[in-house]
Amino acid sequence: MIELPETYVLADQLNEACKGKTITNAEANSSPHSFAWYTGDPAEYGVKLTGKTVTAANPGTGYSCGGNTELICGDMLLVMSTPIKYHAPGDKLPPKHQLLLAFDDGSHLTCTVQMWGVMLCLPTERQDWPDGFTVRKSPTPLEDAFDEAYFNGLWSGVKKSISVKAFLATEQRIPGLGNGVLQDILFNVGVNPRVKLNALTEKDRENLFRSVKETLAAMTLQGGRDTERDLYGCPGGYQTILSAKTLNNPCPSCGAKIKREAYMGGNIYYCPVCQPL
Ligand SMILES: [Zn+2]
C-alpha cells in the first residue's frame, strides 16, 4: 500500500508529467495477479480510457482503500493504490505490469502490484465531486479540516483498550496512515506502538495529534520517505528515523538498540528506552 506522503508526491509528479497528455492505449491485467482489483472487466480498460486526456491527479483520501492516487482522464477516474512508474518516450517498459497507459507523446505509466492493489476505473460523473476533483470520505492529516477536534472525535469513537497502533493505523480510520509512517509518528512522541489508549494522558493525546500532522507534513515536504520510490523510481528525501533501513543504527536520541517486532500485521520498530511499554 502506498501511504499518505507518497501519494501526495506521486500526485504532484503525475500532474507535472502527464497533465494534458492523451491516452492512446490502456492495458489492464496483462500479467494477472491474484491480489489485483479492477472495476468490471479489465479487458475493457482500453475502450474506457483510450482517447481520454489527463486533466489532473490527486492524492487519494480513502475513496477505496486509503493511500490511493487518483488520475482524472477526461470523464474517467483511475484510483490506484499501487506504486506508479513513469517511462519517458523510448524507455524500456517493465516486462510485467498490472496496468499500462500509453500516451500520445510516446511516454507511459505502469502500475505494478506489490502484495495487493486496486486499479479502479470509474466514470467521474458517478461520483459526488466537490470542487477540485477530489474524492474524499474524510480529511487527511495534511489538511486544515483534520484539526484537534476532528482527531479527538476519532479518539472518542474507539474503545480505549485498543493500542495506539490499532487506533492510528488500522480500520482506515485515517486513510493513508499505515504501518510505515506510524513508526516515526510514535517515536517523535515517545509512545510505544503497543501502548493502550487508556494508558495515555490528555497531554499524550495532544502530542500524538501534533505528531500525526507534523511528521506526515515533514515526510511529504521532503518528497516522501527514503524507504519508498517516487514516480521516477527515486527514493524520497525524508530520512526515516525508524525503518528497516535504520534498524541497525542506535536510537538517535539515547543510543539504545532499536527493536523490531511483528505486531498487528507489520513490523513495528521502537526504542525500548524512549518508547517504554
Ligand atoms: Zn532512545
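**View 1. Helix α1 is largely enclosed by the rest of the structure, because eleven of its 15 residues are buried.** In this predicted model, the buried positions of α1 comprise L4, P5, E6, T7, Y8, V9, L10, A11, Q13, L14 and C18. Burial here is a count of neighbours, a residue being classed as buried if 20 or more other C-beta atoms lie within 10 Å of its own.

**View 2. Helix α1 spans residues 4-18 and is followed by a glycine with a positive phi.** From its first C-alpha to its last, the helix reaches 21 Å, which is close to the 21 Å expected for its 15 residues at 1.5 Å a residue. Just after α1, the backbone at G20 takes a positive phi of about 90°.

**View 3. The chain is divided by the domain assignment into domain 1 (4-133) and domain 2 (148-270).** The C-alpha centres of domain 1 and domain 2 are 28 Å apart, and the contacts between the two domains involve 18 residues of domain 1 and 19 residues of domain 2.

**View 4. On the side of domain 1 that touches domain 2, α1 gives the most, with ten residues.** Both α1 and β6 (84-87) supply at least two residues each to this side of domain 1. Sorted by class, the side of domain 1 that touches domain 2 is made up of ten nonpolar, six polar and two charged residues. Helix α1 is thus shown in two settings, as a helix with eleven of 15 residues buried and as the element that gives the most to the side of domain 1 touching domain 2.

Note on methods:
Residues are numbered from 1 along each chain as its sequence is written. This is a predicted model: local features need pLDDT of at least 70, side-chain atom pairs count only at pLDDT 80 or more; totals for chains, interfaces and linings use all residues. Helices (H or I, at least four residues) and strands (E, at least two) are DSSP runs, numbered from the N terminus. The expected span of a helix is 1.5 Å times one less than its number of residues. A residue is buried if 20 or more other C-beta atoms lie within 10 Å of its own, exposed if 12 or fewer, and partly exposed in between; C-beta atoms are placed from the backbone. Domain bounds come from an automatic or database domain assignment. Two residues are in contact if their C-beta atoms, placed from the backbone, lie within 7 Å. Ala, Val, Leu, Ile, Met, Phe, Trp, Tyr, Cys and Pro count as nonpolar, Asp, Glu, Lys and Arg as charged, and the others, Gly among them, as polar.
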